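These are my notebook entries on a single protein chain. I began with overall composition and then went through strand pairing, salt bridges and helices.

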Amino acid sequence: MLTTSTTLMVLVATAFGCYLFPSDVPDPCRGVTCGPGELCRPTADGKGHNCECPTSCPSYGDHEGSRPLCASDAKDYPGICEMRRAACETNNNITFKYYGKCDPCAGVSCPDPEVCQLDDRREPSCRCAESCPLEFSPVCASDGKTYSNECQMHRESCRARKQLKIIFKGQCSSGVNPCAEVECRHGAECRVEGSGAVCACPPPCEPVLRPVCGSDARTHDSECELRRAGCLLGRELNVVHAGACGSNGVCAGRVCPHGGECVSSGGRGVCRCPRCSNEFAPVCGSDGISYGNRCKLQLEACRHRRHVQVLYDGPCNGCENKKCEYYAVCESDGISEASCVCPKHCEEGTETEEICGNDNKTYSSVCALRDVACREKIGLHVKHMGSCESCGGVQCPNGMWCSRGKCACATTCADAPREPVCADSRRTFPNECALQRAACEARMRGETAPQVAYFGECTGLHDQNNTVGFNKSAKIMDQANDIRTVDDNDTSTEAAMGTAVCARVQCAYEATCAVDGNGQPRCACLFDCAAAAAAASAPVCASDLRMYPTLCHMKLEACRRQEDLRLRPLALCRGLEFRPCGDDEPLTDAGGRPMDCGGGPHRKDCPAGSYCHHTAKAARCCRKDKTVVDKKDCQESWYGCCADGVTSARGPGGSGCPSQCGCHRLGSVSEQCDESGQCQCRPGVGGQKCDRCEPGYWGLPRIGTGHTGCIPCGCSAFGSVREDCEQMTGRCVCKSGIQGQKCTVCSNHEHTLGPNGCFDPESTQLPATDCEHMTCYFGAYCVIRSGLATCECGAPECVGTEAPAVCGSDGRTYLSTCHLRAHACRSQS
């Protein structure tokens, strides 16, 4: 018979996993509050308790305790146990948020124009795949915005998860837009209801966790939740940084180039291009292309990694691409082609004083000089103020110029581009011209003239020791190139100063820019080869026929010598001598001499069907064994391997390697480039990186979806403003009174489009008698023949061309593009 104490011990021991106590036995964990993630466990005798972190997390199959989940720290966990263990280890109160991933759409790539959205079970799926026509039939929607057609409105309704309907057909600016009279604030959006408009908060956000820190010092689950909270509270809330408040945030201080925005992904900040609505509010970009709205201009700039600014609202009219010389200005009426004309009026302040031109002639004013230069098309500029005779015998010291018969400093640097220069006085000048002017003025006052310290912004701080800090990695202490690691006492300001100094310095051979004791940027060889050696890296043979303990040591030596060292077979450095090509004879040149594929003065690349065999004494071209499948090692190439260890470099310093080429994945044929960095582009694609369509082409994102390159715009020369078209839609910019995707249809459907615009085919068209009323296309020029204006073409230059045949839009085959253009010129069609 068991005693009561023995029975209690058995109960506790057998129930240790679930801690069930009889009603008459008190539970020692009842009412106990443990720390974050800790669990209360009774002691073995059942009389005490301990708060413990979970040591292991068993799997319970499909039980909800083992389901993957998202926690309040924006991290994904396999189950509740793992979440509690993380809370316990970090001593943070981490709680359950959602089942599944925090951001289910992270890593999901949807084909354009689809977007990733969540269903009712928080499962990601690609939606909004409605295919829209390219025609321009604008509609004004119930959000007070214009869309290029009804389909685009429905697509935006799907993307933004809000109901949209048509108020009226046409652009919102062409009719009574109720939203035009309403000013919505704090993130509210205009919504047309009945005959009026109201401001409403955005719809509920998707259940995702992409935390952002708001200007209210609170952490919001996502940017959408922040905007919605600001609207509901009637406050202006902005994103301070991505990530939770109280931390620096993964995007704190990070600026994404080309209009990109920093977002948190996988616990780190990444730059992504903005997501744009389909609203039609066209703007003209500095690249001469019209964009659907400002956001789409930023999107295009971000995708192609180039700088594009908004020149003006509305589609481009032709002046943005017109570069006028000799002080001429561009004029355009938005219908005909833009042209350069001499200005009719003088600019303010250009007609008050006589000047001397660079042709050594005196002009009554700057305006008069520009007028002569424009009319006669000669390059004239102001040599100095005052008559040419006033400075005839005046000799000025270095840094000064003669003006009005006296030596003076430069009057203005307004035309000089902004290229910041930091002077040794720690003052930033907008450009070197401004610094030279300040130095000239200082010498005239008898003061010390400032000199260039380095190119770039000054940090704005005056260190007592006149030293500028580097970053957290290293700092040069003296001219002997000694480097020390910056200690914890170095401030973040010093790091920022070092970053500014090294902003424009590019070091070769993987050297690192550091700052010496005088605040000057220098390139230093900072390699941690001890760590590489500790990792048991294998020795390598370099092109100087020396063995190095690791690849890091070889790179360090190349950096110190500022020479290109490449990997070579280990046998070369180990002293093994063997006969090149085995029993075969090496290939010979035309003179019967063995071809040298090494580094000699007569070096030649090995021809096709052969390879370069290096020995300790020579390098010869050998025939390949046709019975063996050849797999050439990149180490055998002249410039060695790229960083991937597979691709052969095209030049020194990794030139031509995929990692350095940056070729656009859609626009280029391959990831490799030539020695100059030029990638091999697909048809209709241009740019060094093959990242944009050539003029007259569009649709770079459509490559691979049935198109082998950019798509020709095909804009009507008679009806379009220019040959370029919208890069995303292929829509051409039409002249007034003409419409259609390619500007081929007259707005008045009873009229016909011709070389001189739309006309009534039943009316009598009198021939033009002067060139002012005649417009010629396709390279033709206007001449007067027998009192009538006619278009004539120059002599054809495509006779005997070997270009491929092309199919024209008239359904005829032409020997080449040149022949097609010549026919278009002769027929003016």
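**Entry 1: overall composition.** I looked up burial first: of the 829 residues in the protein chain, 36% are buried. I note that the model is predicted. The secondary structure of the protein chain comprises 13 helices and 55 strands. I then checked the contacts with a separation of 6 or more, and 40% of them are between residues 24 or more positions apart. For the accessible surface of the protein chain I recorded about 48,400 Å², with carbon and sulfur atoms contributing 49%.

**Entry 2: the hairpin of S1 and S2.** I asked in which sense S1 and S2 pair. Strand S1 (residues 39–42) and strand S2 (residues 49–52) are antiparallel, and four bridges connect them. Opposite Pro42 I found His49 of S2. Six residues lie between the two strands, and in this hairpin Gly46 has a positive phi near 75 degrees.

**Entry 3: the sheet S9-S8-S10.** I followed the strand order of an open sheet of three strands and recorded S9-S8-S10, with antiparallel pairing. Strand S9 (146–147) and strand S10 (166–169) are its edge strands, each pairing on one side only. Strand S8 (residues 139–141) runs antiparallel to S10, and three bridges join the two. In this pairing Ala141 faces Ile166 of S10. I kept in mind that strands of a sheet pair through backbone hydrogen bonds, in either the parallel or the antiparallel sense.

**Entry 4: salt bridges.** I counted 16 salt bridges. I examined three of them individually, with the exposure of each partner.

The pair Lys97 and Asp221 has an N to O distance of 3.3 Å. Which parts of the chain does this pair tie together? Lys97 belongs to strand S5 (residues 96–99), while Asp221 sits in the loop between strand S14 (219–220) and helix H4 (223–233), so the salt bridge links parts 124 residues apart in sequence. Lys97 is partly exposed at 32% relative accessibility, and Asp221 is partly exposed at 22%. The cut-off for buried is under 20% relative accessible area, so Asp221 does not qualify as buried.

I next looked up Arg227 and Glu223, whose closest N and O atoms are 3.0 Å apart in their salt bridge. Both residues lie in helix H4, with four residues, or about one turn of the helix, between their positions. Arg227 has a relative accessible area of 32% and is partly exposed; Glu223, at 37%, is also partly exposed.

For Asp371 and Arg375 I recorded a salt bridge of 2.8 Å, N to O. These two residues are four apart in helix H6 (residues 366–376), which means that about one helical turn separates them. Are the two partners buried or exposed? Asp371 is partly exposed at 31% relative accessibility, whereas Arg375 is exposed at 51%. Exposed requires over 50%, so Arg375 meets that cut-off.

I also traced salt bridges with shared partners: Asp143, Lys162 and Glu189 are joined in this way into one network.

**Entry 5: helix H5.** I asked which residues of H5 are buried. In helix H5 (residues 294–304) these are Leu297, Leu299, Glu300, Ala301, Cys302 and His304. I then looked up what they pack against, and the partners are strand S17 (268–272), strand S18 (283–285), strand S19 (290–291), strand S20 (310–313) and strand S43 (692–693). At the N-terminal end of H5, Asn293 acts as a cap, with a side-chain oxygen 3.2 Å from the backbone nitrogen of Cys295. After H5 comes Arg305, which has a positive phi near 55 degrees.

**Entry 6: helix H7.** I compared the span of helix H7 (residues 432–444) with its expected value: the 13 residues reach 19 Å from first C-alpha to last, close to the 18 Å expected at 1.5 Å a residue. The buried residues of H7 are Ala434, Leu435, Ala438, Ala439, Cys440 and Ala442. Just after H7, I recorded a positive phi of about 80 degrees at Gly446.

Note on methods:
Residues numbered from 1 in each chain as written. Predicted model: local features only at pLDDT ≥ 70, side-chain atom pairs only at ≥ 80, totals over all residues. Heavy atoms only, no water. Buried < 20%, exposed > 50% of the residue type's maximum accessible area, 1.4 Å probe, protein only. Contact = heavy atoms within 4.5 Å. Areas by Shrake-Rupley, 256 points an atom, 1.4 Å probe, with all protein chains shown as cover. Pairing = 2+ DSSP bridges. Salt bridge = Lys/Arg side-chain N within 4 Å of Asp/Glu carboxyl O. Polar contact = N/O pair within 3.5 Å; in protein donor to acceptor, adjacent residues only side chain to side chain. Expected span 1.5 Å × (residues − 1).
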